[in-house]
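Here are some exercises to work through with the model open beside you. Try each task before reading its solution.

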Amino acid sequence: ADTHTTRGATPVMLSCQARVNVNVNVSVSSSQHRHASSTVVRGARLAPARSRQRTSASTDAAPPTTTTTTTTTTTMSGAGGGEDAAALALALHSLELDEERFVGLLRKLIGEAEHLQNTGVGSAYVPQEDRAVKHVLDVLAPHRRENGGPLEVEHVTYTEGRGNVIIKLPGAGSAEDVLSFVGSHLDVVPANAEAWRVDPFSLTVDGDKLFGRGTTDCLGHVALMTTLFSQLAEMKPPLRLKTSLTCVFIASEEASGPGIGVDGLMAEGRLDHCKPGPVVWVDCADSQPCIGTAGAITWHLTATGHRFHSGLPHKGINAIELGMEAASRIQSKFYESFPACEQEREYKFITPSTMKPTQVKCAPGGLNQIPPDATISGDIRLTPFYDVAAVKACIEAEVAAMNDDIEALPTRGPCSKYVIQSPSAPDETIVGRLTLEWGDHLLTGIACNLESPAFKLMCEAIAEVKGKAEPYSLTGSLPLVHEMQQEGFDIQLIGFGLMSTYHADNEYCSLADMKDAAKILARLIAKFG
């Protein structure tokens with residue numbers, strides 16, 4: 001999303017970069033590559049996201065059309081060129097995931113998952129990501145530069161016990177020749193062991209299924225990328241890449257922890273070297289490109305009424321009734337002001353923007369008492385074509401309008417009122433009141449740049465391995481990818497776990513998918529050379 005904002009109820013629809021009308025219903029299929037011309041495609045540095053996007057939301061101009069069926073394969077251009085390039089391509093196209101190493105590392109990571117659960121700083125679960133980092137570093141140790149290997153490995157910690165890992169495999173090219181894999185995180189969401197069929201904190205292998213908390217999100221990706229980089233480091237003869245590769249594992253992704261994870265790395269400039277090339281964010285699912293995500297905004301609407309005996313309801317103001325009617329009205333205002341839009345269809349969002357209540361609480365008391373206050377809480381999932389500030393201004397204005405004329409809200413039955421005379425002081429009027437608060441959890445969605453060479457090459461690599469590439473978008477949220485995109489990073493999203501088991505009881509990933517993932521990533525690296 002870009003930064004232009006319009007206050008009030010008028011929706012602000014932000015245009016996709018170049019307003020690309022990508023026909024994502026037309027998949028990239030592997031057979032098309034046999035007929036594609038051969039061309040060298042470089043991950044050229046892209047302009048910052050704001051400059052890539054149009055400032056107009058107009059949809060009447062004919063947009064440029066790009067279909068993923070016309071993408072071309074890339075000649076291999078390793079450091080030596082010619083025969084070296086062909087050898088590089090063959091080596092990378094032949095790479096198979098070391099299954100024993102991957103499963104062994106994943107087993108150790110899942111064994112730490114009980115200590116990696118995260119509900120935020122100061123809460124019940126504060127992870128110790130270094131427990132996972134230790135196992136990653138053990139696998140990488142033989143391949144580190146100080147031990148005679150090609151990998152440069154850093155363990156970066158901003159809070160004791162909560163580290164990040166940066167892995168670099170330097171290439172022979174310039175600072176512009178970079179490809180980065182970022183976003184795989186070392187923390188997990190909590191698991192209730194009583195609700196699982198298997199122990200969530202111990203890897204269970206059942207045929208192709210690998211069960212355990214974090215197998216899909218996101219310890220499976222940590223094990224995948226660690227294994228892949230260790231295999232790249234030990235290839236014989238040694239890889240002679242022109243493109244420098246970086247892999248970053250981050251702390252504190254699942255819940256708040258300012259300055260601990262990728263935001264700390266960004267602030268310290270430790271990811272600046274990634275900016276000239278694409279950044280593949282490895283924390284999605286289903287082995288297909290995710291081309292759009294939504295923002296997440298939490299809200300709390302408190303209704304204040306007046307407590308009284310439920311046998312005399314006309315002498316009280318029912319805060320639950322007031323809150324429910326107010327929540328219904330702001331939902332209606334939201335959907336009227338921020339409806340489904342054309343860009344969401346073009347990006348194949350599974351759902352449009354939504355606003356809904358998810359929790360209700362009220363003052364303690366007996367069932368024979370009219371409650372004096374109630375709080376309805378929920379979230380907004382906002383696609384990147386609408387502006388967060390405009391949404392907040394719209395909802396705040398609606399709450400203010402309700403407070404200005406509280407009696408305009410529908411009541412329930414003949415005794416339900418939102419303005420009453422005080423039972424104890426007849427000259428005093430009691431008026432129901434609404435208060436809106438925004439929560440701390442605010443993430444902004446992104447629309448990936450579909451003109452990026454990295455996106456096109458990633459689709460090619462997926463099609464070569466899986467048979468077709470089918471980009472999709474969803475209203476889940478990822479931390480800091482919007483901020484990185486705004487800073488000029490070319491963010492592309494991919495993941496190889498299973499959407500159906502994300503944050504779920506009995507979470508698992510597919511071993512076959514992870515083996516295919518290694519092939520996809522190796523082919524993507526080969527295309528950059």
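**Exercise 1. Decide whether N506 is buried or exposed, then place N506 in the chain and look at its phi angle.**

Step 1. N506 has a relative accessible area of 12%. Buried means under 20% relative accessible area, exposed means over 50%, and partly exposed lies in between (1.4 Å probe, protein chains only). N506 therefore counts as buried.

Step 2. N506 sits in the loop between β24 (490-494) and β25 (508-510). Helices (H or I, at least four residues) and strands (E, at least two) are DSSP runs, numbered from the N terminus.

Step 3. Phi of N506 is near 60 degrees, a positive value in a residue other than glycine.

A word on the ground rules: this is a predicted model, in which local features need pLDDT of at least 70 and side-chain atom pairs count only at pLDDT 80 or more, while totals for chains, interfaces and linings use all residues. Residues are numbered from 1 along each chain as its sequence is written, and side-chain values use heavy atoms, with hydrogens and water left out.

**Exercise 2. Do the same for K348: find its loop, its phi and its exposure.**

Step 1. K348 belongs to the loop between α8 and β16.

Step 2. Its phi is positive, about 60 degrees, although K348 is not a glycine.

Step 3. With a relative accessible area of 30%, K348 is partly exposed.

**Exercise 3. Describe the aromatic pair F349 and F385.**

Step 1. Start with the rule: rings of Phe, Tyr and Trp (its six-membered ring) pair if their centres lie within 6.5 Å, and planes under 30 degrees apart count as stacked, over 60 as edge-to-face and the rest as tilted. This rule gives seven aromatic pairs.

Step 2. The ring centres of F349 and F385 are 6.0 Å apart and the planes stand at 85 degrees, so the pair is edge-to-face.

Step 3. Now trace the chain: F349 is in the loop between α8 (342-346) and β16 (354-362), and F385 is in the loop between β18 (373-382) and α9 (388-404). The two are 36 residues apart, and the pair links distant parts of the chain.

Step 4. Both F349 and F385 are buried.

Step 5. For an aromatic cluster, turn to F334, Y335, F338 and Y386, which form one together.

**Exercise 4. Work out the strand order of the open sheet of four strands.**

Step 1. Strands of a sheet pair through backbone hydrogen bonds, either parallel or antiparallel. Here two strands pair if DSSP finds at least two bridges between them.

Step 2. The order is β16-β18-β14-β21, with antiparallel pairing. β16 and β21 are the edge strands, each pairing on one side only.

Step 3. Direction ignored, neighbouring strands of this sheet are turned by 20 degrees against each other on average. The angles use axes that are lines fitted to C-alpha atoms, for helices over the stretch in contact, and run from 0 to 180 degrees between N-to-C directions.

Step 4. Take one pairing in detail: β16 and β18 share eight bridges in the antiparallel sense. M355 has I380 in β18 as its bridge partner.

**Exercise 5. Characterise the largest pocket and its lining.**

Step 1. On a 1 Å grid over the protein atoms alone, a pocket is an open set of points with protein on both sides within 12 Å along at least five of seven lines, and lining residues have an atom within 4 Å of a point. Grid points are joined across faces, edges and corners, and a volume is the space filled by probe spheres set on the points.

Step 2. The largest pocket holds about 1,000 Å³ of space. It is lined by 44 residues, of which E253, E254, H441, L443 and P479 are the closest to its centre.

Step 3. The elements giving two or more residues to this lining are α6 (262-267), β14 (295-304), β18 and β21 (433-443). β21 provides the largest share, four residues.

Step 4. By class, the lining has 20 nonpolar, 15 polar and nine charged residues. Ala, Val, Leu, Ile, Met, Phe, Trp, Tyr, Cys and Pro count as nonpolar, Asp, Glu, Lys and Arg as charged, and the others, Gly among them, as polar.

**Exercise 6. Locate the two residue pairs D217 and C218, and K236 and P237, and give the omega of each peptide bond.**

Step 1. The bond between D217 and C218 is cis, with omega about 5 degrees. C218 lies in the loop between β10 and α5 (219-233).

Step 2. K236 and P237 are also joined by a cis peptide bond, with omega about -10 degrees. P237 is in the loop between α5 and β11 (244-250).

How values were computed: 1 Å grid on protein atoms, 1.4 Å probe; cavity = no way out; pocket = protein on both sides within 12 Å on 5 of 7 lines; lining within 4 Å.
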